[in-house]
Amino acid sequence: MKCNLYIFIISVVLLILTPACKTAKLSDAQAQFERGEYNDAAKTYRKVYNKLTKREQRPLRGEVAYQMGLCYDKLSMTPRASAAFQNAIRYQYPDSTAILLLAKSLQQEGKYQTAITNYENYLALNPISTVARDGIRGCQLAIRNKENPTRYVVKNAKIFNSRRADFAPMLFGADFDQIYFTSTNEKATGTQRSEITGMKRSDIFFSKKNELGEWQRPEPAQGSLNSEFDEGIVSFSPDGSTMYLTKARREPNANTSVEIYTSQRSEAQWSAPVKYEITADTLSAYGHPAVSPDGQFLYFSSDMPGGYGGKDIWRVSLTDRYGSLENLGDQINTAGDEMFPYCRTDNTLYFASDGHPGYGGLDIFKATLTESNLWLVENMGAPINSSADDFGITFGNGEWGFFSSNRKDANGHDHIYSFELPEIKVWISGYVLDKDEEPVPNAIIRIVGRDGSNQKEIARDDGSFRFRLERGIHYVMLAGAKGYLNAKQEFVSDIAEEDAEYNVDFILAAVNKPQVVENIFYDFDKATLRPESTVALDEMAQVLRDNPNVAIEMGAHTDRKGSEKYNLRLSDRRAKSVVDYLISVGVKADRLVHKGYGKSQPKTITKRLNREYPQFPEGTILTEEFINSLSPEEQEIADQINRRTEFRVLSLNYDMYY
C-alpha cells in the first residue's frame, strides 16, 4: 500500500483550519497527520466527521472529509479516498485541489472515463495544470492499451506474500537464487503497531531456492539487521558484501522521516545498520537506495531542496562523495514523486513515478541513457503497470524478476508479483526430398542469416530438419547431397512479437537420371511456350544458378498420337523453345543442349506417380500398347504423363568462364 511507500519518505501536508474547529479531537487528528501517522489520523478524522451533523457545520465537514481523503490516499485505500474527496466537494470544500485528487483517486480505481471528466473539471478552473493534463494522458494511455498489453506474464508470487504488506523485492546472489524484500507480516520484530499503517513495523525478510530451484518460505534476514523500527527497501554492492537499506527515523511527537544505512555481511549474518551520511541536511528524507552495477554510484530518492517537486531521484558517488551529489534532471524527475530506483545496467534505470503519465498511482518506468546523454523514459505498460501502485522492480538474468503492487487488494496492502517476458520462438522446418518425394539420404542443410548466424544440420532419416531463427532477419538456405543438385531458398522472418513456425521443403534433383520439369505447357500442335510456363522455367534457371558447374540437356517428349517423324520434329522444337527461354534469362548457351525424343521414351511410373495415379502400378511403362488397353479416360491420363519436358545432367564440371 502507498503508506508503505511513504513510510520511508516524509510528505507533510499542513492544514490550517478556522479557529472554530480547534477541538481536542480535531487537533489530535491534525497532529497525527502532520507526523505521518495516517492510519491513526484517518480514524480520528472519521470520528470528528461523524459528529459534524448540524447544517452550519457543513463547510467544516467538507474540510474534514478532504483531510480524511488525504489519509486514505496515503494508505492506498482508494475507494475510501474517492468517497472522501467526493464528500469534500459535495460540502463545497473551497480548494479545487479536491477535484484533482478525486480524479487521481478515480484513475487509481481504474475508472478512467470518470477520472478524465474530473481532470477536465479541474482544468476548467486551472488551465495550466500539467498534473491534470498528464492525468488525462495517462487515462487515455490506459484505455488505449487495455486491449493491447505487452507480452509480460505477471503472477502473484504467493510464496512471499502474507496478509499484510510485502514489497520492494531485490534479487541477490550470482545466480539470483536469493531474494530480499520488506514486509510487515506477523514475524516482523517488535509488538507495537505502526501509527502510520496500523500494521507491525516493517522488517527485511529473505528467501532462497532449494536444490530443486524452488523458492522457500521467507524468514527474517539473519543477524542484527532488523529492529523494533521500520527497515526495508534494500540494495547490494556488486560483491554482495554490503547492504544499503532504508531505516525510519521515529521520535515521539515528531515527523516521520527516513535515512539510508549500511550493513555488512559476514557469512550469512548481517551486521547492525550504520547510518550512511549523504549530506549535512537533517531535515530532508533519504531512502530507496540502489547501487549501480559497477558499484560507482548510489541512486536514491529524496525530497531535499533543489529538486523538481515531491520526491526526486538523485545519485552520489560511492568512491568520492564530496561534490558528487547530483539530481538526475527533469527527464527523470517531475513535480510528482519519483522513487524506488533500480539500476539494471550502467545506462538503464528503472523507477516508479506518479508524475509521468501512467495508468494510475505509481507506475514503473524504464529510462535509457542515449548517446547524446539524454534519458529516454517509457512506461512499462500493462500488465506490469495497473491502475494501482506498481513499484520496486528487480531483474534476474533475463527478462524476468519481481516487483510490488497493491492491485486487487481491498485493504491497499502491497504484495510481490513475478513477471516474465516469454521468449519468442521462431523456427523453420521442412523436408529434403527427391523428385519422387522420397527422403534424400544424408542431405545437408545450411542456413546463413544477415545477422552473422550460420547453422548446419543433417536431415533426419525421414528427410526432416528444423532450425531456430531470430525475428526480422534475412536468411539464405542451401540444401544438398551427394548425387543431387543443390537447391537454394531465401526468406525474411517476420518481426511480429509472437511465436512462429515457417515451413520450407527442398526438392533435390538426382544427377544420374532425367528429371521432369513440371508445369511447362505448349500451344496445341505447336512449340510455342504458353505464358504460364514461365514460373517453372524461372525456377529451372535458378537451379542452374545455384549449381554453376552443371551442364544439362533439355529433352521434350510427346504422347503416342501422330507419326514418329512428326513427334520428333515437334518435340525438338519444343525443347529448343525451353533452351531459348533459359538463355534469354541469363543462362549460358554452352551449358544447354536441346533434344526432342518424340514418343520414343514412354514414361515409367514412379512411386510419386503411383501415389497420384494408383491405377498405374509402380514400374509400369506407358507404352502405346499398354495405353491402348486402357479405358478412354485412363488413356488421356497416360498420354498426359508421357507429354513432358525433362532435364538430364550432362556434366558436373562445366567451367562457367570457358
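**Strands, cores and rings**

Reader: Which residue in E3 does leucine 171 stand opposite?

Author: This is a predicted model, and in it E2 (166–172) is one of the edge strands of its sheet. Five bridges join E2 to the antiparallel strand E3, residues 178–183. Leucine 171 belongs to this pairing, and the residue opposite is isoleucine 179.

Reader: In what order do the strands of this open sheet of four, with antiparallel pairing, come?

Author: Start from the edges: E2 and strand E5 (219–220) each pair on one side only. The sheet is open and its pairing antiparallel, with the order E2-E3-E4-E5.

Reader: What kind of aromatic pair do tyrosine 180 and tryptophan 270 form?

Author: Theirs is one of 33 aromatic pairs in the structure. The ring centres are 6.2 Å apart and the planes stand at 90°. Because an angle over 60 degrees is the cut-off for this class, the pair counts as edge-to-face.

Reader: How many residues apart are tyrosine 180 and tryptophan 270?

Author: Tyrosine 180 lies in strand E3 and tryptophan 270 in strand E9 (residues 269–270), so the pair links distant parts of the chain. The distance along the chain is 90 residues.

Reader: Is tryptophan 270 buried or exposed?

Author: The cut-off for buried is under 20% relative accessible area. Its ring partner, tyrosine 180, is at 4% and therefore falls below that limit. Tryptophan 270 has a relative accessibility of 2%, so this residue too is buried.

Reader: Which helix gives the most residues to the largest nonpolar core?

Author: The largest nonpolar core has 46 residues, and Phe33, Tyr45 and Tyr66 are among those with the most contacts inside it. Several helices each supply at least two residues, including H2 (24–34), H4 (58–74) and H8 (130–145). With eight residues, the top contributor is H4.

Reader: How many residues are in the second, separate core?

Author: Among its members are Ile428, Ala443, Ile473 and Met477. This core is separate from the largest one, and its size is 25 residues.

Reader: Which strands stand at the edges, each with a single partner strand?

Author: Here we turn to another open sheet of four strands, with the order E24-E23-E26-E27 and antiparallel pairing. The twist from one strand to the next averages 15°. Two strands have one side without a neighbour in the sheet, because each has a single partner: E24 (454–458) and E27.

Reader: What is the bridge partner of valine 448 in E26?

Author: Six bridges join E23 (residues 444–449) to E26, and the two run antiparallel. Along this pairing, arginine 446 stands opposite leucine 478. For valine 448, the bridge partner is valine 476.

Reader: Which residue in E27 does valine 476 stand opposite?

Author: E26 (residues 474–480) is mostly covered, with five of its seven residues buried. Six bridges also join E26 to E27 (residues 487–492), again antiparallel. Across from valine 476 in E27 is glutamate 490.

Reader: Which residue takes a positive phi in the hairpin of E26 and E27?

Author: This hairpin has six residues between the strands. The phi in question is near 90°, and the residue is glycine 483.

Reader: How far is the charged end of arginine 466 from the centre of the ring of tryptophan 427?

Author: Arginine 61 shows one such arrangement, with its charged end over the ring of tyrosine 49. The charged end of arginine 466 sits over the ring of tryptophan 427, and its distance from the centre is 3.9 Å.

Conventions: Residues numbered from 1 in each chain as written. Predicted model: local features only at pLDDT ≥ 70, side-chain atom pairs only at ≥ 80, totals over all residues. Heavy atoms only, no water. Buried < 20%, exposed > 50% of the residue type's maximum accessible area, 1.4 Å probe, protein only. Pairing = 2+ DSSP bridges. Core = buried A, V, L, I, M, F, W, Y, C linked by side-chain atoms within 4.5 Å. Phe/Tyr/Trp six-rings, centres within 6.5 Å; stacked < 30°, edge-to-face > 60°. Lys NZ or Arg CZ within 6 Å of the ring centre and 35° of its normal. Axes fitted to C-alpha atoms, helices over the stretch in contact; angles between N-to-C directions.
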